[in-house]
Amino acid sequence: MPELPEAEVVRRGLARWATDAVAAELEVLDPRSLRRSPGGADALRERLRGARLAEPARRGKFLWLALAEGDDAVVVHLGMSGQILVDEPGAADQRHLRLRLPVTAADGSARELRFVDQRIFGGWWLDALRPDDAAGGERIPTTAAHIALDPLHPLFDPAAVHARLARRRSTLKRALLDQSLVSGIGNIYADEALWGARLHPERPTERMRRADTLRLMAAVQDVMRRALEVGGTSFDALYVNVDGRSGYFARSLAAYGRTGQPCRRCAAEGVDSRIVRVPFMNRASHLCPRCQPRPRRRRAAAADA
DNA sequence: AGTTCCTCCTGGTTGC
DNA sequence: TGCAACCAGGAGGAAC
């Protein structure tokens, strides 16, 4: 499940082949991967043909390839199961190959940028770039204008996140997954960061103290940096990098997917506490009930009246 | 207006 | 064994 670290691994891998490459004729094997692209396959194919690509950029889980001439970009979102693979022409088609973009790389070699996506939650779309004043004027696609700075962005401001978080009337994990508050976090890194900060996913946001938020944001940054160092988190055959290599962070997960296994932090204290899986929005959260205790019921507000 | 929740998808796994 | 139900979840937008 690609989140920020996996998207960044893809961006870096793609940079070598896409930066300054010249696109040829886009082949659309499944138009559903272009659902969000205005004008569909024809418009995107037309705009890409012969276009020179700039270095791939990213915010949160959104990736984009700016076109060197003009203010257009091809936005790429990996969704649940998307991969960008760089192959040599003639390499066997992958089972869920949806898009193929032949390019001439900067070194003159022929390559194909391939979009493989089993579940088709991801896609490519053509979009216009606009300056974002809140991010030092860097250009961002209009369809990502509402996406907040991610925890690895140089201008990311944890104190500003706290101010917005504490104003919400929601619960902590819901807020963490809201890409307009902090971007790049999905179910895996949400559970890992909450574990790292010893916070319960159902903690009311209005009860977050400044120190709680700062500790949580530090935990998010820490887990994302560690995941990035080892190529992200891969499960089964859902590869991460553009050459099909898996990341190794799955073995370092502390909470996600560890139902019934010992909490490592509690074990280090000599206590046997097991990770539990609790329902969350038709999905699941993973946490240690001992070091991430459920928040106490809010006291009746009688004194306020 | 802020927050919650349904829907889009496929294929591997589980259950009867 | 076969088939159906279930599960994974990012993000837009409908619903409340």
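How far is a phosphate oxygen of DNA strand B from an N or O atom in the side chain of Arg32? The answer is 2.8 Å.

## Ground rules

This is a predicted model, where local features need pLDDT of at least 70, side-chain atom pairs count only at pLDDT 80 or more, and totals for chains, interfaces and linings use all residues. Residues are numbered from 1 along each chain as its sequence is written, chains are lettered from A and ligands numbered from 1 in the order in which they are written, and side-chain values use heavy atoms, with hydrogens and water left out.

## DNA strand B

Back to that strand: 14 residues surround DNA strand B, and the closest are Arg32, Arg35, His96, Arg169 and Ser170. Of the strand atoms that come within 4 Å of the protein, 73% belong to sugar and phosphate. (A residue is near a strand if one of its heavy atoms lies within 4 Å of it.) The surface near DNA strand B has eight charged, four polar and two nonpolar residues. For these classes, Ala, Val, Leu, Ile, Met, Phe, Trp, Tyr, Cys and Pro count as nonpolar, Asp, Glu, Lys and Arg as charged, and the others, Gly among them, as polar.

Arg32 has company at the phosphates. The side chain of His96 puts an N or O atom 3.3 Å from a phosphate oxygen of DNA strand B, and a polar side-chain atom of Arg95 lies 3.4 Å from a phosphate oxygen of the strand. Here a polar contact is a pair of N or O atoms within 3.5 Å.

## DNA strand C

DNA strand C is surrounded by 16 residues, with His77, Arg119, Phe121, Tyr256 and Arg277 the closest. Sugar and phosphate make up 62% of its atoms that come within 4 Å of the protein. By class, the surface near DNA strand C splits into five nonpolar, six polar and five charged residues.

Tyr256 also turns up at the backbone, with a polar side-chain atom 2.7 Å from a phosphate oxygen of DNA strand C. Lys61 has a side-chain N or O atom 3.2 Å from a phosphate oxygen of DNA strand C, and for His146 the value is 3.2 Å.

## Helices α3 and α5 against α6

Now for the helix packing. Helices (H or I, at least four residues) are DSSP runs, numbered from the N terminus. The axes of α3 (residues 158-166) and α6 (residues 210-229) come within 9 Å and cross at roughly 125°; axes are lines fitted to C-alpha atoms over the stretch in contact, with angles from 0 to 180 degrees between N-to-C directions. Pro158, Ala159, Val161, His162 and Leu165 of α3 meet Arg210, Thr213, Leu214 and Met217 of α6, where contact means heavy atoms within 4.5 Å. That contact has six nonpolar, two polar and one charged residues.

α5 (residues 187-196) and α6 have axes that come within 8 Å and cross at roughly 125°. On the α5 side are Tyr189, Glu192, Ala193, Leu194 and Gly196, which meet Leu216, Ala219, Val220, Val223, Met224 and Ala227 of α6. Nine of these residues are nonpolar, one is polar and one charged.

## Helix α1 against α6

The axes of α1 (residues 4-18) and α6 come within 9 Å and cross at roughly 40°. Leu4, Pro5, Glu8, Val9 and Arg12 of α1 meet Met224, Ala227 and Leu228 of α6. By class, this contact has six nonpolar, no polar and two charged residues.

Methods
Helices (H or I, at least four residues) and strands (E, at least two) are DSSP runs, numbered from the N terminus. A polar contact is a pair of N or O atoms within 3.5 Å; within protein, one must be able to donate a hydrogen and the other to accept it, and residues adjacent in sequence count only if both atoms are side-chain atoms.
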